[in-house]
Structure formats: structure tokens, C-alpha cells
Amino acid sequence: MRSEAAPQLGGLERFASAGKGRGLRARRRFAVGELLLSCPAYVAVLTVSERGSHCDGCFARKEGLSRCGRCKQAFYCNVECQKEDWPMHKLECASMCTFGQSWQPSETVRLTARILAKQKTHPERTQSERLLAVKEFESHLDKLDNEKRELIQNDIAALHQFYSKHLDYPDNAALVVLFAQVNCNGFTIEDEELSHLGSAIFPDVALMNHSCCPNVIVTYKGTLAEVRAVREIEPGEEIFSSYIDLLYPTEDRNDRLRDSYFFSCDCRECTTKEKDKEKLEICKLNDPPSAETVKDMIKYARNVIEEFRRAKHYKGHQSIVFLDFFLPPGELLEICELSLDKMGAVFEDSNVYMLHMMYQAMGVCLYVQDWEGALCYGQKIIRPYSKHYPSYSLNVASMWLKLGRLYMALENRTAGVKALKRAIAIMEVAHGKDHPYISEIKKELEDH
């Protein structure tokens, strides 16, 4: 039974989920593609690399943005966007002028600074907190190991270094809690090809618990988060999203969940592990590899993936940081190819570890504008992606979209149209039929 005090929103309500703490459940039926929830960002920050192509205020992508007259580093659609963003941008504007190229707080630090400012200027509950308030966020403070605590202290030091004029700081203990809350409850905003646009706090969306068999998907319209059903949801059913990339096998997914969110998943997918065999498909040979060989190759693959997770684009984009070295894209591609050759002696191309390395290689090809090379990898990836990912997966949609645009660039219009229409079919459910991304893709079809 629902408590009298349980917060409600349309056909949704907050409730106590058995074994999971707070949760969100349906009070009525929702059809596939139906919008359950819209939540404006409590605070959001545009990633530095997208400045100039996206508005710092509303995240709209357009040409001819106007530059901030003071710092010259923030860009806006118009005066209205600039004025609306000023209470947040002023936290950084003077500091950016002072530090110049040395101004480099992480997005987590930037988000946290904005939360502190917002809590001071808007102590009352906001439109983003109709079901869950930021101050209610779980921190998992008791589960933080020494390494995570040290990283938080580094973030606190950066907060003090880059933000001083417009912030009132709580004590160190309160800052540790706040950073821990942001780490567990922050969202990454991505575009239609899953490129990183920025980070944000969406309190009501953070109320949803995780499942590797999600019944909703979260997409973004600028700085607005939208939650849509990806399968039919019945009254009384809990609403689950996915916190992680669902490509990988059960053990990998739960390692990621424990490391980032401090829990293991007990959904049907994790309990049965029914997809793991397909995801870890081994080469069909007359003399199949031994169990020990397979185990060693999985360990090797996981290590390579972890190394690539640490890889970041170097400022200036002349090279890519890999294992603390600055490597040109050609060398990074060679590492991908060598890894694929080694794993290919044991794994089928549809094995998720092979797919991961192909995706990395495709990214490098796109970066150096080797369209044919990127297309070759994408063609190998798309079918296994469609099998391994859930229905209406953004990962599958973005791959069809990349393939469609590559076909068009290589003047294969027939294949391009087919791929783009496949992307649209998924996105109309995940993003809604009126999303600007879908309008842009349809215009691409018309222009070709």
C-alpha cells in the first residue's frame, strides 16, 4: 500500500523498494515509447570541448553562438540564455579570466560548485525535486575506500583553488558527503551519437533504481531529462533504468556497479546469466581452446578495456593520452588491431570484448577521417550489437546513425537511407517523435 505521504507525480509515485531503498513505481499502465517523466536539470555543466558548438546555458547545438564578453570562453544562443545562466556562469567567469589555460576543474568539481550556489539561492524545493531532493541523495560514505576518499579530497582542493569569490563553503566533512553524493547521482548528457556533452544533476530521475533489464530509458533534450518506457509497464510495477553499459557479461557489469554504485544487481539477467554464453562466444575450431586459455584471454581483454577507459583526448587533439603516454592516433589504432588479432585467436567477432576493441578502432578511424576504415568496423559491430543490447538501445541507434552518415559520406545513398531509418525507428521510441535530433536526421535524408 502507498503511504499517504508518498510523493506522487502524474502516473508515478515514490515508494520503499524491497532491498533497494527508495524507488519509483507506476500507478497506471504505460505503453512502449510513452513519456513517464520530464526533469529539468537542477544544475548542469557543458563539457569544455563542446564550447562554441553548444550553448553553455541550454546545450542547444547551433552555429553563430554569442561569446561571453568577459571570459570569452562561454557561448550562448542569445541574451536570454546568457542571463538565465549568469547565476551559475559567474562562479567560473572571473576565475577563467584569472587562470586562463590553467583553469581546469573537473566536471564533478564544476557541478558541485553549482550545487552549493543553487542551495544558497534556492533553499526551497525546485521543479527538479518533486519526488526526491538533492539533500536526500545517498552518499555511500561508509563504503568509500582510501583511494576514493583521496580523489574526493583532490576535488575539494580544486574547488577551493578555482572557486572562491561567489561560494560559501561548508566544512570539509560536509564537502566529502556532497562530492560522494554527486559521484553516485550525477548524469552524463550525451548527443545522438553518444558523444559526451556535459554532466548534470536530475534528482527525480536519480530516484529510479538500476536493472540490467530496464523498462525505461533516459534521454536528453538540451538540459531536460526525459524518461520513456521501452516495454509495457503495468500499474504497481517498479520503474528501472540502467546505470551502466549493458553490453558486457554479468561479472563485468556487477564489477562496475560495485565500484561506482556500491551494490550488485539481482535482476533476471544477472540471476540467470542467460546471455553470457553468447556475449563470450568462443571460436568454433576443430581443436577448441582450453578453459584456462579462455580464462586468460578474458583477463587480458578486461585489462585492455580498463586501459582504454583511462585513455583521454589530449587538449589540443594532436594526440591521444594512453597509459600516461601521448600516442598519435595511428599508434592507438595499431594497439587496437594487435589486441583484436590476439583475442581473435580465441574469441568470435561477436564476442563483446572483440566488439569493444572494434568500437575503439572505429572511433580512431572517425577521428582521422578514415571513413572507409570506420565503416568496415561499424559493419562488423552492428549485428552483434543488435543481439546483445536490449530493444530500443541507444547504443544500437547511435551505431546505425554512424553507419548511415558514413554511407552517405561515401555516396552509398541506398545503404545510408536504410541505416538512418533504422536509427530513427529506435530513437522515435527512446527520444520521442518530436525530438530535435530526429528532425535533424530526417533533414539529412531530404538533403541527400
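Here a biologist asks about a predicted protein model and a modeller answers.

Biologist: Into which domains is the protein chain divided?
Modeller: This is a predicted model. One domain is written as two stretches: domain 1 takes 1-41 + 202-240. The others are domain 2 (42-201), domain 3 (275-388) and domain 4 (391-447).

Biologist: What distance separates the centres of domain 2 and domain 4?
Modeller: The two domains are in contact, with seven residues from domain 2 and nine residues from domain 4 taking part. Their centres are taken over C-alpha atoms. The separation is 31 Å.

Biologist: Which three residues supply the most of the area that domain 2 buries against domain 4?
Modeller: The area buried between these domains is about 700 Å². Carbon and sulfur atoms give 51% of that area. On the domain 2 side, three residues supply 79%, more than any other three. They are Glu192, Glu193 and Leu194.

Biologist: How many charged residues are on the side of domain 2 that touches domain 4?
Modeller: Look at the links across this interface. There are three salt bridges and four residue pairs in polar contact. The domain 2 side has two nonpolar residues and no polar ones. Its charged residues number five.

Biologist: What is the N to O distance in the salt bridge of Glu440 and Arg61?
Modeller: A salt bridge needs a side-chain nitrogen of Lys or Arg within 4 Å of a carboxyl oxygen of Asp or Glu. The side chains of Glu440 and Arg61 meet in such a bridge. Their N to O distance is 2.5 Å.

Biologist: Why is the pair of Phe187 and Phe202 edge-to-face?
Modeller: The count of aromatic pairs comes to seven. For Phe187 and Phe202, the ring centres are 5.6 Å apart. Planes over 60 degrees apart count as edge-to-face. This pair is edge-to-face because its planes are at 75°.

Biologist: How many residues apart in sequence are the parts that Phe187 and Phe202 tie together?
Modeller: Phe187 lies in strand β8 (residues 186-190). Phe202 is in the loop between β9 (196-201) and α5 (203-206). The pair therefore ties together parts whose separation in sequence is 15 residues.

Biologist: How many residues apart in sequence are the parts tied together by Asp266 and Lys20?
Modeller: The structure holds 31 salt bridges. In one of them, the side chains of Asp266 and Lys20 meet at 3.1 Å, N to O. Asp266 lies in the loop between α6 (250-261) and α7 (268-272), and Lys20 in the loop between β2 (12-17) and β3 (21-26). So the separation in sequence is 246 residues.

Terms used:
Residues numbered from 1 in each chain as written. Predicted model: local features only at pLDDT ≥ 70, side-chain atom pairs only at ≥ 80, totals over all residues. Heavy atoms only, no water. Domains from an automatic or database assignment. Contact = heavy atoms within 4.5 Å. Buried area = accessible area lost by both parts, 1.4 Å probe. Polar contact = N/O pair within 3.5 Å; in protein donor to acceptor, adjacent residues only side chain to side chain. Nonpolar A, V, L, I, M, F, W, Y, C, P; charged D, E, K, R; others polar. Phe/Tyr/Trp six-rings, centres within 6.5 Å; stacked < 30°, edge-to-face > 60°. Helix = DSSP H or I, 4+ residues; strand = E, 2+ residues; numbered from the N terminus.
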